[in-house]
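The following report introduces a single model to a reader who has not met it before. Please look through the sequence and the structure before reading on.

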Amino acid sequence: MIAKIDHIGIAVNDIEEAVKLYTEVLGLEVEGIETVEEQKARIAMIPVGESRIELLESTDPEGAIAKHIEKRGEGMHHLALRTDDIEGMLRDLKEKGIQLIDEEPRTGAEGSRIAFLHPRGTKILLELVEH
Ligand code: CO
């Protein structure tokens, strides 16, 4: 079951500069910046009410974030939905013929378990997150 929008992922070239915008200009607070090897990205989580903004800066020119920015420029990268049963959801979506990028969950920010669905099936890049 999907509980809520966990976060919206935004790809940026310079995470410090982007964090400044969200904190100094918009008055939000950053939970912290961490490097997530499996995503080849530095990630900043910024709570906004019930949800969060996730800023992603690439740590590898061959990574998904770098490639996204190369193709489409900085900006919205993915929408993340929170679930309490990521394996169950992946099984169910696969059965329904939805194309998955990750067949098995991998590690996301804050030790969460995440999996991406292919935008071909879902119109935008969707991430499932289990905390
Ligand atoms: Co995300």
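In this predicted model, Glu54 has a relative accessibility of 1% and therefore counts as buried, since the cut-off for that class is under 20%. His7 is likewise buried, with a relative accessible area of 2%. Both residues take part in binding a metal: the cobalt ion is coordinated by His7 through NE2, Glu54 through OE, His78 through NE2 and Glu127 through OE, at 2.0 to 2.2 Å. Of these donors, His7 and Glu54 link distant parts of the chain, because His7 belongs to strand β1 (residues 2-12) and Glu54 to strand β4 (residues 51-58), 47 residues apart. Along the chain, the donors of the cobalt ion follow the spacing H-x46-E-x23-H-x48-E.

What are the angles among the 4 donor atoms of the cobalt ion? They run from 78 to 160°, and the site is irregular.

Two lysines in loops deserve separate attention. Lys40, in the loop between β2 (32-36) and β3 (41-48), has a positive phi, although this residue is not glycine. Lys123, which lies in the loop between α4 (119-122) and β8 (126-130), also has a positive phi in a residue other than glycine. The table sets out their values.

| Residue | Phi | Relative accessibility | Class |
|---|---|---|---|
| Lys40 | near 50° | 36% | Lys40: partly exposed |
| Lys123 | near 75° | 72% | Lys123: exposed |

Lys123 thus falls in the exposed class because its relative accessibility of 72% is over 50%, whereas Lys40, at 36%, counts as partly exposed.

How values were computed:
Residues numbered from 1 in each chain as written. Predicted model: local features only at pLDDT ≥ 70, side-chain atom pairs only at ≥ 80, totals over all residues. Heavy atoms only, no water. Donors = N, O, S within 2.8 Å, 3.2 Å for Na, K, Ca; no water. Tetrahedral: all angles 85-135°; square planar, octahedral: opposite > 155°, others 65-115°. Helix = DSSP H or I, 4+ residues; strand = E, 2+ residues; numbered from the N terminus. Buried < 20%, exposed > 50% of the residue type's maximum accessible area, 1.4 Å probe, protein only.
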